[in-house]
Structures are given as structure tokens and as C-alpha cells.
Amino acid sequence: MLDRANATVKALRMGVVCAGAAALAGCLSLGEDPPESLLTLTPQASAEAGTGASASPANPARAVAVLPFDTPAKLDVLRVPVAVTDTKIAYLQDAVWVEKPARLFRRLVGETMRARGGVLVIDNDETPLLAAQSVRGTLSEMGYDAVGQAVVVRFDAMRIAADGTVITRRFEARESGVTPEAAFVGPALNRAANQVAGEIAGWMLGS
């Protein structure tokens, strides 16, 4: 009798637990299924392992700071914007960035400069010294143009020298004939972003 009573109590407890779990599952939403893959930017040129550079407060000319980049609201998300018309924007289906585009592009620019060698590149938010020059700007376009069937990357750069001199320049890369699918748009954006990053690096480092 005692064993039967214990079994009954155990069954009741299990029923309460299961009922509670079912009620909790009905109240919680785990969100949509994650995308099959995430987009990112990978540098076409990277510094080799073992290479490095140095700078000091007494010699800041060997340091370049890549400051945080601004973006319009349409790029301050993890989606790839599509310019449907001059006044209408949508987002490309199944195209999701692993991080927001401005952060990805900032690191791409920093690594592209680092691969050129000769200077210490500071591309994080912790700046141990005052660099002789810095670059900041606005990533105004990094998406798909539906009318031209092209990807577009546009960056309005601002180079700031140690004496406070400011020089601005617009960089842009466009690749046409791109199918409006994540599998094609992602690699095309990566190529265009690398082109712009290379031009920025050449402008900043004089090479």
C-alpha cells in the first residue's frame, strides 16, 4: 500500500510539473527560426601572423586611429537595405548581418590598413595613445539597388590630422549584374566593401 501511495504522489507531482511547463511554453515565444547563414565582411588582405607595429606619445606619427563610423537609420540594423525606388526602401529576404554594418566596415578598414604595414592601427574603442591622424565618417550606403541590379557601398570619410586639419572625401564602389538573393548579394557587398576599404587605406597611408 505504501509503495502504491508513493507512486500516486510521484505521478501527481509529475503532472503538476508537466502542466506548468506546458503553460510556460504557451506564454513564451523563442522568436523566429534563425537564418541559415549570416553575412559578414572578410578582408581580402590581412596582416601576416607575427607582424606588428609600434608607436608612442613621443612618436604618434606611426599611429592611425579608425574611429567609430556613423550610419543612417536604414543601415543601423542587421538587414540589407534594398532601394526599390528613390523614395522606397525594403530589406532583402534572408540577408542578415552577423553585426551591424558600421562595425563590420570599421574593422575591415582597420585590417586593410594593418595589412599595408608600417603604422600602428587602432580600430577599437580603447585608445592607449593619441594618434597622429584619424579617420571617421559615415557609411551612407551598403545595400542593393533594385533598379540597377547592383550592390553599392558608399563612405563619406573625414581625415583629421594632429594639428586639427580636416580633409573629406567620398568613396564609392558599385557592382552591377547581381541577382537579388542573399547568396549573391553578400559576396558582392564584400567585394565592394573591400574595394572602398583599400581606397581609404591608400588615402590615409599615402600608398
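In this predicted model, strand 1 and strand 4 pair in the parallel sense, and 3 bridges connect them. Within this pairing, A65 has I122 of strand 4 as its bridge partner. Strand 1 also runs parallel to strand 5, to which it is joined by 5 bridges, and here F69 stands opposite G137 of strand 5. An antiparallel arrangement is found between strand 2 and strand 3, which pair over 4 bridges and form a hairpin with 5 residues between the two strands. In this hairpin, A83 stands opposite I89 of strand 3.

These strands belong to a chain that contains 3 helices and 7 strands, arranged from the N terminus on in the order α-β-β-β-α-β-β-β-β-α. Of the 207 residues in the chain, 34% are buried. Among contacts between residues at least 6 apart in sequence, 65% join residues that are at least 24 apart. The area exposed by the chain is about 12,300 Å², of which carbon and sulfur atoms supply 55%.

In soluble globular proteins, nonpolar side chains tend to be buried together. The largest nonpolar core of the present model has 42 residues, and those with the most contacts inside this core are F105, M113 and I200. At least two residues of the core are supplied by each of strand 1 (63-70), strand 2 (79-83), strand 3 (89-96), helix 2 (101-116), strand 5 (133-145), strand 6 (150-161), strand 7 (166-176) and helix 3 (182-205). The largest share, 12 residues, comes from helix 3. When residues up to four places away in sequence are not counted, I200 touches F105, V109, M113, F155 and F171; F105 and M113 therefore appear both among the contacts of I200 and, together with I200, among the residues with the most contacts inside the core.Helix 2 has 16 residues and reaches 23 Å from its first C-alpha to its last, a span close to the 22 Å expected at 1.5 Å a residue. The buried residues of helix 2 are P101, A102, L104, F105, R106, L108, V109, G110, E111, T112 and M113, and these buried residues pack against strand 1, strand 4 (120-122), strand 5, strand 6 and helix 3. After helix 2 comes G117, whose phi is positive, near 80°.

Among the residues of helix 2 is T112, which counts as buried because its relative accessibility is 9%, where the limit for a buried residue is under 20%. With residues up to four places away in sequence left out, T112 touches A45, A197, G198 and A201.

A contrasting degree of exposure is found at L38, which lies in the loop between helix 1 (2-27) and strand 1. L38 is classed as partly exposed because its relative accessible area is 46%. Although L38 and L78 are 40 residues apart in sequence, their C-alpha atoms are 9.6 Å apart in space. The contacts of L38, not counting residues up to four places away in sequence, are with V96, W97 and V98.

Backbone geometry can be considered next. Most residues other than glycine have a negative phi, and most peptide bonds are trans. In the model, D94 is a residue other than glycine with a positive phi, near 65°. D94 is found in strand 3, the strand that forms the hairpin with strand 2, and D94 is exposed because its relative accessible area is 55%, given that exposed residues are those over 50%. A positive phi, near 45°, is also found at Q149, likewise a residue other than glycine. Q149 lies in the loop between strand 5 and strand 6, and with a relative accessible area of 43% Q149 is partly exposed.

Definitions and conventions
Residues numbered from 1 in each chain as written. Predicted model: local features only at pLDDT ≥ 70, side-chain atom pairs only at ≥ 80, totals over all residues. Heavy atoms only, no water. Buried < 20%, exposed > 50% of the residue type's maximum accessible area, 1.4 Å probe, protein only. Contact = heavy atoms within 4.5 Å. Areas by Shrake-Rupley, 256 points an atom, 1.4 Å probe, with all protein chains shown as cover. Core = buried A, V, L, I, M, F, W, Y, C linked by side-chain atoms within 4.5 Å. Expected span 1.5 Å × (residues − 1). Pairing = 2+ DSSP bridges.
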